[in-house]
Amino acid sequence: MGLTGTDIEAAAACLERGELVGIPTETVYGLAANALNEKAVAGIFEAKNRPHFDPLIVHISGMDQVPAYARVFPETARKLAEALWPGPLTLILPKQTNIPDLVTSGQDTVGLRVPAHPLTRALLSRLDFPLAAPSANPFGYVSPTTAAHVNAQLGHKVCYVLDGGPCEVGVESTIVGFEGESPVILRLGGIPVEIIAAIAGPVKESISAGSNPQAPGQLDSHYSPGCSLVIGADPSLLANMKGPVALIRFSEVMEGFPAEHQFILTPSGKLEEAAARLFGTLRLLDERGYQSALAEPAPETGLGRAINDRLRRAAAR
Ligand code: TXA
Ligand code: MG
């Protein structure tokens, strides 16, 4: 296991040597390396067992860094960045030549994001390079939302894990590409589509296709927990499920099912709280040895769409 703590200098020293560091962000923990060092980036793909056709997000310290890594910064993208950075928004923009092809899977675009977590912001300002970082989980598994999650699966492959506590948002960033000035949502995430539309005007969505090479994070079977998941609220669905069975409930207990096997995402009915607890709950079900789980979907609005998107992918295995 690598060292874990809050020592930014220790994390920076690892990254400067081209090694990997687990970093906290407001969405999920990332597995970071120097984005401009192709060898260091190759280490990310190796550690995650990630296919090379799946591009990485590049994390920068602020909006002023965009021109260094992107050739074009459409006005609508600029507006979104001004309103929502630092935060769970990734912008897909035409890349500069300094971004290695490995980072972008050979595409002419790069995903840029300014994360909001104070420790990672301090780290980024301390470094003179940006950080390529996918979620810090083995390819295909649920994203980590604590330093302990990172250590449990990838601890032996990192030089250091920067421990920033549990992630506040809990689902990955919303990814937005552009057709000229028009925004296209490529992945649902921590910023609801309604908010993107309020800032940037009408948005297109290009989210569903299972094998869309534009955004491989959309592959079905991403975010898969070990137990098999069924989505629905109807107790009759339990009839065909293999035990031991757990229930993931949005906010209320289901009558007539043992309470100790029910996991309530948000007793107070708040989408933010449900999102923050979702991945930790999926991991907990695996730890407790459940064979299957019936998950009640969230209301299909705001952050609820990202929650349901992750549930559907977790169920699609
Ligand atoms: O919240 C997040 O975005 C987290 C934290 C660590 O920042 N990161 C994250 O990374 O979720 P990852 O690798 O698990 O998902 C990144 C996804 C890729 O799978 C791909 O769908 C999309 O971002 N992506 C990256 N670069 C792209 C590009 N140039 N064009 C289209 N999609 C891209
Ligand atoms: Mg991921």
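**View 1. N37 caps the N-terminal end of helix α2.** In this close-up of a predicted model, a side-chain oxygen of N37 sits 3.0 Å from the backbone nitrogen of K39. The helix being capped, α2, covers residues 38–48. Now look just past α2: N49 takes a positive phi there, about 60°.

**View 2. The buried residues of helix α2 and what covers them.** Which residues of α2 are buried? They are A40, V41, I44, F45, A47 and K48. An α-helix has 3.6 residues a turn, so residues three or four places apart point the same way. As for the cover over the buried residues of α2, it includes two strands, β3 (30–34) and β7 (131–132), along with two helices, α5 (101–104) and α7 (147–154).

**View 3. Helix α1 crosses helix α6.** Here we have α1 (residues 8–16) and α6 (residues 118–126), whose axes come within 10 Å and cross at roughly 50°. That angle makes α1 oblique to α6, and α1 passes α6 in a right-handed crossing. On the α1 side, the contact is made by I8, E9, A11, A12, L15 and E16; on the α6 side, look for L119, A122, L123 and R126. Sort the residues of this α1–α6 contact by type and you get 7 nonpolar, no polar and 3 charged.

**View 4. Helix α4 packs against helix α8.** What is the angle between α4 and α8? Helix α4 (residues 75–84) and helix α8 (residues 193–200) pack at about 120°, and their axes are 9 Å apart. So α4 counts as oblique to α8, and the crossing of the two is right-handed. From α4, the residues to find are T76, K79, L80, A83 and L84, which meet I195, I196, I199 and A200 of α8. By type, the residues of the α4–α8 contact split into 7 nonpolar, 1 polar and 1 charged.

**View 5. E172, a loop residue in polar contact with S143.** Start in the loop between β8 (160–162) and β9 (174–179), which is where E172 is found. Is E172 buried or exposed? Its relative accessibility is 4%, so E172 counts as buried, the cut-off for that being under 20%. Follow the side chain of E172 and you reach the side chain of S143, with which it makes a polar contact at 2.4 Å.

Key
Residues are numbered from 1 along each chain as its sequence is written. Chains are lettered from A and ligands numbered from 1 in the order in which they are written. This is a predicted model: local features need pLDDT of at least 70, side-chain atom pairs count only at pLDDT 80 or more; totals for chains, interfaces and linings use all residues. Side-chain values use heavy atoms; hydrogens and water are left out. Axes are lines fitted to C-alpha atoms, for helices over the stretch in contact, and angles run from 0 to 180 degrees between N-to-C directions. Helices (H or I, at least four residues) and strands (E, at least two) are DSSP runs, numbered from the N terminus. Angles under 35 degrees count as roughly parallel, over 145 as roughly antiparallel, 65 to 115 as roughly perpendicular and the rest as oblique. A crossing is left-handed if the near helix is turned anticlockwise from the far one by less than a right angle, and right-handed if clockwise. Contact means heavy atoms within 4.5 Å. Ala, Val, Leu, Ile, Met, Phe, Trp, Tyr, Cys and Pro count as nonpolar, Asp, Glu, Lys and Arg as charged, and the others, Gly among them, as polar. Buried means under 20% relative accessible area, exposed over 50%, partly exposed in between (1.4 Å probe, protein chains only). A polar contact is a pair of N or O atoms within 3.5 Å; within protein, one must be able to donate a hydrogen and the other to accept it, and residues adjacent in sequence count only if both atoms are side-chain atoms.
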